[in-house]
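Open the model in your viewer and keep the selection tool handy. We will go from stop to stop, picking a few residues each time and saying what is there.

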Amino acid sequence: MKSRIKMPHPATMFFLITLGIVFLSWISDIYGLSVVHPQTNEVIRVQSLLSPESLRWMLRSVIPNFTGFAPLGLVIIALFGLGVAQHSGFLSACIRLGIRKHRRPRRIILWVIFLGILSNVVGDAGYIILLPIAATLFHSVGLHPLAGIITAYVSVACGYSANFMLSTLDPLVAATTQDAALTVAAYGGHVGPLSNYYFMSVSTLFIAGIIYYITQRKLLPELGEYQGEVPVESYKLLSRKERRALNIAFFIGLLYILVILFATFSPWGILRSVNGGLIRSPFIMGILFLLSFGAGLMGMVYGFASGKYKTDSDVIQGLGQPMQLLGVYLVIAFFAAQMFACLEYSRLDKCISILGADFLLSLKVGGFGVLLLFILFTAVINLIMVSATAKWTFMAFIFVPVLQQLGIAPEYTQCAFRIGDSATNAITPFLFYIPLVLTYIQHYQPQANFGLLLKHTWAYSVSVLILWTLLFVFWYITGLPLGL
């Protein structure tokens with residue numbers, strides 16, 4: 001299905017956005033746009049990207065910007081493991097084992113949605129690992145593979161703050177909230193990692209329901225039947241040899257998991273941080289590599305046990321299989337990396353965010369009114385500044401103390417921020433993983449662009465933002481506890 005939204009190739013789009021950032025930084029510098037950082041009182045002035053100093057910076061930084069692009073190494077490492085798992089036939093065998101003769105699309109959709117929402121336990125791994133698997137799952141039960149990518153993508157993006165479990169984000173934002181709350185002398189409370197736990201647990205089911213409804217009623221009918229060139233494997237029963245190979249691979253995978261858990265949670269605990277915690281620990285920081293290595297290990301074991309692999313050369317071939325996909329991704333990522341670097345160097349994002357916050361607080365609408373506007377403000381700012389921890393680092397010191405003085409507890413301000421911060425993740429071109437998402441989509445539809453993605457994701461973001469905010473209003477009015 002072709003998109004009616006005419007947009008350039010993703011690489012060209014990022015290049016044009018970079019030119020727009022250069023122009024805006026030049027205009028802002030001419031008019032002396034500057035703000036004061038609320039935490040450090042540092043004066044932040046927009047840096048023109050057309051100044052001699054900036055032009056020298058651009059030339060020096062082109063290669064470091066690309067090689068230092070945060071998702072680049074993560075994507076390559078993750079696809080190594082997935083490449084072996086797919087090339088060996090392990091992923092195909094797992095799907096055939098799970099689907100059997102009964103094609104149950106609804107069950108597949110729900111599994112993808114919940115896995116996407118819950119994936120924030122391991123940070124951003126869902127963007128990299130789940131999307132191609134979701135496409136294969138949807139394709140295998142007769143659904144459009146793009147629907148699998150989009151459903152997984154919006155589940156990871158829009159549900160980034162919701163979970164039944166403690167995610168990597170919870171302790172980070174809670175620590176910042178606590179520091180901001182302590183700037184008010186009379187505050188004697190404590191904001192911990194579980195301060196929004198009850199609300200976010202219920203939100204997990206709530207958001208899953210929204211995404212499932214839109215997928216069934218809007219996305220799947222719009223995409224229709226897949227007519228692309230990527231073939232779908234016809235279902236066939238697993239042979240006795242394949243079942244034996246799967247059992248061996250699962251056994252090795254279980255042993256691998258037990259070793260990782262022992263190395264993390266036992267008294268030995270070499271995968272914990274130096275203070276014994278999990279925040280910034282080798283386990284958390286290396287979780288994507290651990291997942292990729294585990295997938296590759298099981299794929300390799302399956303390959304040898306099933307007879308698909310004979311020598312180490314077969315394994316290397318599996319590792320190299322994703323390179324064709326990575327070729328397109330690297331081109332898009334190069335231009336995206338320059339765009340992100342220019343935006344950060346110009347400081348446009350911080351200036352616009354702080355100016356918007358000052359304007360919002362100048363409105364006289366009462367404490368709860370400001371809280372609701374804060375959700376909308378965060379959702380809008382998230383379109384240009386997507387890092388949750390970076391935004392909250394300065395926004396907390398603006399909004400938490402002011403809303404405290406208006407009678408709003410810090411944990412409510414934090415919860416409002418997380419709603420707005422998650423809802424619009426799916427529709428911003430500034431998300432770090434957009435180049436990868438577009439690469440996955442182009443594998444099934446070569447002419448696809450950001451316009452196609454936006455066409456199918458805006459309804460998710462708008463619906464999640466509105467309905468999740470209404471749930472938050474109900475929670476606030478009824479006085480239900482947000483968490484522990």
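Start at Leu131, where helix H6 bends by about 30°. Add Pro132 to the selection too: this proline follows within four residues of the bend. Bear in mind along the way that you are looking at a predicted model.

Now widen the selection to all of H6, residues 125-140. How far apart are the end C-alpha atoms of H6? They are 23 Å apart, which agrees with the 22 Å that its 16 residues should span at 1.5 Å a residue. Switch on a surface and you will find H6 mostly covered, with 13 of its 16 residues buried. Step past the helix to Gly142, which follows H6 and has a positive phi, near 85°.

Next, select residues 145-158, which form helix H7. H7 has 14 residues, and from its first C-alpha to its last it reaches 20 Å, close to the 20 Å expected at 1.5 Å a residue. Is H7 largely enclosed or exposed? Since 14 of its 14 residues are buried, H7 is largely enclosed by the rest of the structure.

For a closer look inside H7, pick Thr151. At 0% relative accessibility, Thr151 counts as buried. Which residues does Thr151 touch, leaving aside those up to four places away in sequence? Show Val112, Ile113, Phe138, Ile211, Thr215, Leu219 and Tyr460 as sticks, and you have its contacts.

Then colour the cysteine sulfurs. How many disulfides are there, counting sulfur pairs within 2.5 Å? The count comes to zero. Cys158 is in no disulfide, and the nearest cysteine sulfur, that of Cys415, is 16 Å away. Cys158 has 0% relative accessibility, so it counts as buried. Jump across to Cys415, which is likewise in no disulfide, its nearest cysteine sulfur being that of Cys158. Cys415 also has 0% relative accessibility and counts as buried.

For the last stop, select helix H19 (residues 434-444) together with helix H20 (residues 450-478). Turn the view until you can see both axes: they lie 10 Å apart, and the helices pack at an angle of about 95°. Angles of 65 to 115 degrees count as roughly perpendicular, and H19 and H20 are therefore roughly perpendicular to each other. To see where they meet, show Ile434, Val437, Leu438 and Ile441 on the H19 side. Facing them from H20 are Phe450, Leu452 and Leu453.

Terms used
Residues are numbered from 1 along each chain as its sequence is written. This is a predicted model: local features need pLDDT of at least 70, side-chain atom pairs count only at pLDDT 80 or more; totals for chains, interfaces and linings use all residues. Side-chain values use heavy atoms; hydrogens and water are left out. A disulfide is a pair of cysteine sulfur atoms within 2.5 Å. Buried means under 20% relative accessible area, exposed over 50%, partly exposed in between (1.4 Å probe, protein chains only). Helices (H or I, at least four residues) and strands (E, at least two) are DSSP runs, numbered from the N terminus. Contact means heavy atoms within 4.5 Å. The expected span of a helix is 1.5 Å times one less than its number of residues. The bend at a residue is the angle between axes fitted to the seven residues ending there and the seven starting there. Axes are lines fitted to C-alpha atoms, for helices over the stretch in contact, and angles run from 0 to 180 degrees between N-to-C directions. Angles under 35 degrees count as roughly parallel, over 145 as roughly antiparallel, 65 to 115 as roughly perpendicular and the rest as oblique.
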